[in-house]
Amino acid sequence: MKVIAMAARKGGCGKTTLTTHLAVAGVQNGKRVAIIDLDPQSTAAEWSDGRGDDPPDVISTQPTRLGKVLAGMGDGYDLVLIDTPPTTGEADRLAIEAANLVLIPTRIQTSDIAAVLRSVERAAGQEKPTFVVFNDESAARRKSVAEETRRVLGTKGIEVAPQIIHSRVVYGESQDVSRTALETDPTSTAAVEIRSLYEWVVQQLNGKATKPQKRKTGA
Ligand SMILES: Nc1ncnc2c1ncn2[C@@H]1O[C@H](COP(=O)(O)OP(=O)(O)OP(=O)(O)O)[C@@H](O)[C@H]1O
Ligand SMILES: [Mg+2]
């Protein structure tokens, strides 16, 4: 069982959106997938309520119960995604502790990047493979902005997933009906980007992301 923590201390950066979409990408890839929702806002759990019995399973719990919930899953799942709240409580620390891989979604904006640095700091302290995911990026913006931000983060020892997730209305629209873009519009650019991100994530989980991230000192 592989565990991914979606950890960012910034509200509204796309944690739940990427959690549900990567989870459904896993389901469509034949994997047994669960989401653990540590957010008291219960966004992922409410999304699941509208899905009836359709996978993934979503378990809403308190951060302090995370270890027990994971232990209780046994070998029942191939992939577990932990969605966290944006607050600075224990949820992200415990999620990162339990994870094989940490993903930190962010918009490419200076204020958001500052929050990214704090989230990466926490994950790096726990020596977990950690990647920033650029999300909600305007398709109209010059590509060089993302690449320059990627380069600057790289100088601080922070790696960014190769697949950028662009801003598309289908994320919100599909969420509103308890689905994902992969289900409501499987041929959309959003679906293509999510499948590409998912495939890269699986590669990281299957070997490439075996070493803890090394951050440059003084970054
Ligand atoms: N790539 C995207 N394109 C368009 N809208 C997006 C994208 N990613 C997220 N959104 C929208 O932004 C809003 C916030 O996203 P989401 O709920 O996933 O963030 P979050 O980090 O989980 O927020 P919170 O910290 O409150 O839990 C939602 O309305 C969602 O539909
Ligand atoms: Mg959320």
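Tutor: On a 1 Å grid over the protein atoms alone, a cavity is a set of points where a 1.4 Å probe fits but cannot get out, and its lining residues have an atom within 4 Å of a point. Its volume is the space filled by probe spheres set on the points, which are joined across faces, edges and corners. This is a predicted model, in which local features need pLDDT of at least 70 and side-chain atom pairs count only at pLDDT 80 or more, while totals for chains, interfaces and linings use all residues. Residues are numbered from 1 along each chain as its sequence is written, chains are lettered from A and ligands numbered from 1 in the order in which they are written, and side-chain values use heavy atoms, with hydrogens and water left out.

Student: How many cavities of 30 Å³ or more does the structure hold?

Tutor: There is one, and the largest cavity has a volume of about 40 Å³.

Student: What lines the largest cavity?

Tutor: Its lining includes Ala8, Arg9, Ile104, Asp112 and Val116. By class (Ala, Val, Leu, Ile, Met, Phe, Trp, Tyr, Cys and Pro are nonpolar; Asp, Glu, Lys and Arg are charged; the others, Gly among them, are polar), this lining has six nonpolar, two polar and three charged residues. Helix H5 gives the largest share, four residues.

Student: What makes an empty space a pocket instead?

Tutor: A pocket is an open set of grid points with protein on both sides within 12 Å along at least five of seven lines. The largest pocket has a volume of about 350 Å³. It is lined by 20 residues, with Gly12, Cys13, Gly14, Lys15 and Thr17 nearest its centre. Three of the lining residues are nonpolar, twelve polar and five charged.

Student: What takes up the space of the largest pocket?

Tutor: Ligand 1 does. A molecule sits in a pocket if more than half of its atoms lie within 2 Å of the pocket's grid points.

Student: Which residues come nearest to ligand 1?

Tutor: A residue is near a molecule if one of its heavy atoms lies within 4 Å of it. Ligand 1 has 20 residues around it, and Gly12, Lys15, Thr16, Thr17 and Asn135 come nearest. The shell divides into four nonpolar, ten polar and six charged residues. Its largest share, three residues, comes from H1. H1 (15-28) and H7 (169-176) are helices that each supply at least two of its residues; a helix is a DSSP run of H or I with at least four residues.

Student: Why does the pair between Lys15 and ligand 1 count as a polar contact?

Tutor: A polar contact is a pair of N or O atoms within 3.5 Å. A side-chain N or O atom of Lys15 is 2.8 Å from an oxygen atom of ligand 1, so the pair meets that limit. A backbone N or O atom of Gly12 also lies 2.9 Å from a ligand 1 oxygen.

Student: What is cis in the backbone?

Tutor: Most peptide bonds are trans. The bond from Pro55 to Pro56 is cis, with omega near 5°.

Student: Which sign does the phi of Ser42 have?

Tutor: Most residues other than glycine have a negative phi. Ser42 is not a glycine, yet its phi is positive, about 55°. Ser42 is in the loop between strand S2 (33-37) and H2.

Conventions: A polar contact is a pair of N or O atoms within 3.5 Å; within protein, one must be able to donate a hydrogen and the other to accept it, and residues adjacent in sequence count only if both atoms are side-chain atoms.
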